[in-house]
Amino acid sequence: MTRPRRNPKKIPACEILIAGGGLVGLAQALALADLGDGDQGKIVLVDRAPLTPKSKTQDLRAFAITAASRRMLTRLGVWEKIAKHAQPVSKMLISDSPLHSVARPPLLEFPTLETSKDGLEAASIIENRYLVQALTAQVKKDARIRVIAPDRVTGFETGPGSITVQLERTGEIDARLIIAADGARSGIRRMAGIKTMDWDYGQSGIVATIGLGRPHKGRAIQHFLPAGPFAMLPLVGDKDDAHRGSLVWSEKADEAQRLLALGGQEFLDALQLRLGLQFGGARLLAGPQSFPLGMTLARGFTAPRVVLIGDAAHKVHPLAGQGANLGFKDVAALSETLIEAHRLGEDYGNLLVLERYQSWRRFDVVTNALAMDGMNRVFSNELPGIKQLRDVGLALVDRVLPLKSLMTREAAGETGRVPALMRVGEA
Ligand SMILES: Cc1cc2nc3c(=O)[nH]c(=O)nc-3n(C[C@H](O)[C@H](O)[C@H](O)COP(=O)(O)OP(=O)(O)OC[C@H]3O[C@@H](n4cnc5c(N)ncnc54)[C@H](O)[C@@H]3O)c2cc1C
C-alpha cells in the first residue's frame, strides 16, 4: 500500500480493476465482462503500455496452447480469430543425446493428436503476436470493458467495502477488487506485501523463428542438453516460408550472450548442431531474442481486495510450455469463483471468497513449478548416475501406457480440478 496523492482526480468507480494487459489480464477481462451485469465500464483494464497491435518481430515467443486453454479461448470468442495460425502438435519427441551426437534418437514419444474427449489435440503452437492481437481486439470491441492505457497502478488503499486505486496519469478509481496480472515483477504483489520464493536458473531462453529444409509434420522436439532444454515448436507456414518453427533454447546466461553476439553463420551452426538433421537445413527468419529464466512463486495469491493471477502469481521455467496455460487456468478458476460468489450475493472482494480461488489453484501451480524445476535440474546434469537414472525413467514412461496417457492429459491441461470454461462440453 502507498500513500495517496493529495486531491487526486476521481474517475467513475468500477467493480473490478485488472492491472496488466498481457495475455492473462486480457483473457481475464473477457472472462469477467458479464460480472458488471451488462453495465458499461464496470470491468476496467489498465496497462502501462498502449494496447496496440504487436509487430511481426516485437516478441518472437510462440506458445504451446493446451486443449483446455483452447476451449476457454473458444468460449471467449478468440480462438476462431487465430485458428488458422495455430499448428496442431502431432507428436512430441524427447531426447537427451550429448551435444555433439550426429543423431538425436527420441527417448520418449507422445502422439498428441485427438487425445481429448472432444477430439482436440493436446497442444497447438501459436505465435505470441497473433494471440495478443486477437485478445486485444476482442477486449477493445467489448463495450462492457473500460480500457485505461497507457497508465500505471502506482498504489492503492484498502477500505472496508472497496479499494481505492491510484493511477499515475488518470487519477483515482474505486473498485471492489484489484486483479493483479502485472507480470513476474508485479508491483501490486509487492505493494500488497505478498512475499515470493525466487530461483534464478542462471539460464537465458533464446527465442528465434526459423525456416526448415523439410516439413515438420507437426512434430515438436525437446532435446535435453547439458546446458538446458532445446525445443523446436512447429509453426504454420506462411507465404514466404512453407516450413517454419519456433525455438526455445535454454543456455547458461553467459553462453547465451556469447551465442547472441555471434550472429550470422556461426549462430546458425550452433543452432543446427542442437537441432540435428531431421528437419534439414535451418534458416534464421527472425531473432534471436533472449529472456532471463527464473522461477518466482508468490507465497500467497491473495491479500485484502487483491488477487494475483498469471506470472504475477507464478513464473515457471518454459521447458514444458506451461506458463501462459497456468495463467489461463487461473483466469478460468477465478472467474468461476467470483461469478458464483456474485450469484450468491457475496462480496467477491472478500478475502474468504478469494481464498477459495487460492486453494483451488495453489496446489496445481506449486506442483507444476516444482516439476519444471526438477526436470530442468535433472536434465541439465551430466553426472553419470543421474543420466542413467533419467534414461531408465524415460524408457519406463515410454512403455507404461497409463503413465504416458497421464502425461499427455497433463500436457493438454486436463488433470486436476478443471474449471468449467476449460471443460469438454460445458459453456
Ligand atoms: C522463452 C519463453 C517461452 C515461453 N513459452 C511458453 C509456452 O510455450 N507456453 C506457455 O504457456 N507459456 C510460455 N511462456 C510463459 C509465458 O510467456 C508467460 O507465462 C505469460 O506471457 C505471462 O503472461 P502475463 O499476462 O501473466 O504477464 P506479462 O505478459 O508479463 O504481462 C504483464 C502486463 O502487465 C503490465 N504492467 C506491469 N506493471 C503494471 C502496472 N503497475 N500497472 C499496469 N500495468 C502493468 C505490462 O505492461 C504487461 O502488459 C514462455 C516464457 C518464456 C520466457
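**Helix pair α6 and α7**

I started with how α6 and α7 sit against each other in this predicted model. Their axes come within 6 Å and cross at roughly 130°. Angles over 145 degrees would count as roughly antiparallel, and 65 to 115 as roughly perpendicular. The two helices are therefore oblique to each other.

Next I looked up who makes the contact. From α6 (residues 253-262), I noted Glu255, Leu259 and Leu262. On the side of α7 (residues 264-275), the partners are Gly264, Glu266, Phe267, Ala270 and Arg274. I sorted the contact residues by type and got 4 nonpolar, 1 polar and 3 charged.

**Ligand surroundings**

Then I moved on to the ligand. Which residues come nearest to the ligand? I found Asp47, Arg61, Asp311, Ala324 and Asn325, out of 29 residues around the ligand. By type, the shell divides into 13 nonpolar, 9 polar and 7 charged residues.

I also checked some polar atom pairs. Aspartate 311 places a polar side-chain atom 2.7 Å from an oxygen atom of the ligand. For alanine 64, a polar backbone atom is 3.1 Å from a ligand oxygen. With glycine 323 the ligand atom is a nitrogen, 3.3 Å from a polar backbone atom.

How much of the ligand's accessible area does the protein cover? I have it down as 88% of the 1,000 Å² that the ligand has on its own. Last, I listed the elements giving two or more residues to the shell: α1 (23-32), β4 (62-66) and α8 (323-343).

Key
Residues are numbered from 1 along each chain as its sequence is written. This is a predicted model: local features need pLDDT of at least 70, side-chain atom pairs count only at pLDDT 80 or more; totals for chains, interfaces and linings use all residues. Side-chain values use heavy atoms; hydrogens and water are left out. Axes are lines fitted to C-alpha atoms, for helices over the stretch in contact, and angles run from 0 to 180 degrees between N-to-C directions. Helices (H or I, at least four residues) and strands (E, at least two) are DSSP runs, numbered from the N terminus. Angles under 35 degrees count as roughly parallel, over 145 as roughly antiparallel, 65 to 115 as roughly perpendicular and the rest as oblique. Contact means heavy atoms within 4.5 Å. Ala, Val, Leu, Ile, Met, Phe, Trp, Tyr, Cys and Pro count as nonpolar, Asp, Glu, Lys and Arg as charged, and the others, Gly among them, as polar. A residue is near a molecule or strand if one of its heavy atoms lies within 4 Å of it. A polar contact is a pair of N or O atoms within 3.5 Å; within protein, one must be able to donate a hydrogen and the other to accept it, and residues adjacent in sequence count only if both atoms are side-chain atoms. Accessible areas come from the Shrake-Rupley method with a 1.4 Å probe; for residues, only the protein chains shown count as cover.
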